Each structure stands twice: as C-alpha cells, then as structure tokens.
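Dear colleague,

I am handing over the structure below, and after it you will find my notes on what turned up in it. Please read them with the coordinates open beside you.

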Amino acid sequence: MLFTRTSELVQKLQAARQSLQLPSALAKLDRFDLIALDDLSYARKDQAETSVLFELIAERYERRSLLITANQPFSGWNDVFPDPGMTVAAIDRLVHHSTIFELNVPSYRRRQAGDKQNARRRQLHDDNPANPFSGQSPDDGNVTQ
C-alpha cells in the first residue's frame, strides 16, 4: 500500500511526463495493490497536472485499487479537473465497482487544533491568572484592598 498526498504524487507524475517517463512511473506504481490519495480536492492544478492524475485513475481502473480522501462531494470536483469531460470520466471510473464512505463528521484535524489551542489558553491562564490580586500578601497571608 502507498499512502501519499495527491498533490505530491501529481507533481512526481508531472515530472515523469516532462522527462518522457510517465509510462514507467505508472508501471512502478502498479506494484502497490492500493494507493491512498489524500486530499484530492486540494489538487486544483492546471490541465497538464490534472491530466496525469486522470491517467493514474484510468491506468488503475478495474486493475488495482485507489482510496481517495476529499473534503468535497463529487459536485465540487470541477475545481479539481478543469475540463468537465475529464471530471465526469474520472468520477465514472472511480465510482464503478466502488464503495463510497461519506463521513459527515467534524474534522479530526480541526478538533485536534482546537484541543491544542484550548490547552495553550489553559496554560496561559494558569501561568498568568486574570486577577493579579487573587494571591495572598507576602506579609500576612491576607489580601489588602
């Protein structure tokens, strides 16, 4: 199995295409029974770069498995593939013989970031109480007013 960000793999495939090595690069990816492409909807690239993504999808169609994460429904994929025909063709190949899991849950990354931010706030509050006079006087243990 290969787990990679979609944008990173697209860049590698684009470089392979420019050096006339795309067929070889796609063949090397065939050794993986499953390729997990993370964050597909962030791969908004130009026509040349998305065409290599489409070629990967087409190459693996009905032969090897792809797992794709995206934060947009298929209706938003026109932002990923600039050509509407390529969008339809890519989605068609991906959904044929597939199982789609739609997770309508809060992002775990957003939750973790919020947890870290709340922990920092608690730490700052513990280090610097809001009321500097809430502590005891060094002389008698009482707070003077």
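**Salt bridges**

Glu55 is partly exposed, with a relative accessible area of 28%. Please keep in mind that this is a predicted model. The side chain of Glu55 meets that of Arg17 in a salt bridge, at 1.9 Å from N to O, and since Arg17 belongs to helix H1 whereas Glu55 belongs to helix H3 (residues 47–60), the pair ties together parts that are 38 residues apart in sequence. Arg17 also counts as partly exposed, at 26% relative accessibility.

The structure holds four salt bridges, and another of them joins Arg63 to Asp30, with the closest N and O atoms 2.8 Å apart. This pair links the loop between H3 and strand S3 (65–68), where Arg63 sits, to the loop between H2 and strand S2 (34–38), where Asp30 sits, across 33 residues. Asp30 is buried at 17% relative accessible area, whereas Arg63 is partly exposed at 40%, and the two are linked with Glu59 in a network of salt bridges.

**Helix packing and the aromatic pair**

The axes of helix H1 (residues 6–18) and helix H2 (residues 22–29) come within 7 Å and cross at roughly 140°, and the two helices are therefore oblique to each other. Arg17 appears again here, as one of the H1 residues that make the contact, which by class has seven nonpolar, no polar and one charged residues.

Finally, there is one aromatic pair: the ring centres of Phe74 and Trp77 lie 4.9 Å apart with their planes at 75°, so the pair is edge-to-face. Trp77 is buried, at 3% relative accessibility, while Phe74 is partly exposed, at 33%.

Best regards

Methods
Residues numbered from 1 in each chain as written. Predicted model: local features only at pLDDT ≥ 70, side-chain atom pairs only at ≥ 80, totals over all residues. Heavy atoms only, no water. Phe/Tyr/Trp six-rings, centres within 6.5 Å; stacked < 30°, edge-to-face > 60°. Buried < 20%, exposed > 50% of the residue type's maximum accessible area, 1.4 Å probe, protein only. Axes fitted to C-alpha atoms, helices over the stretch in contact; angles between N-to-C directions. Helix = DSSP H or I, 4+ residues; strand = E, 2+ residues; numbered from the N terminus. Parallel < 35°, antiparallel > 145°, perpendicular 65-115°, else oblique. Contact = heavy atoms within 4.5 Å. Nonpolar A, V, L, I, M, F, W, Y, C, P; charged D, E, K, R; others polar.
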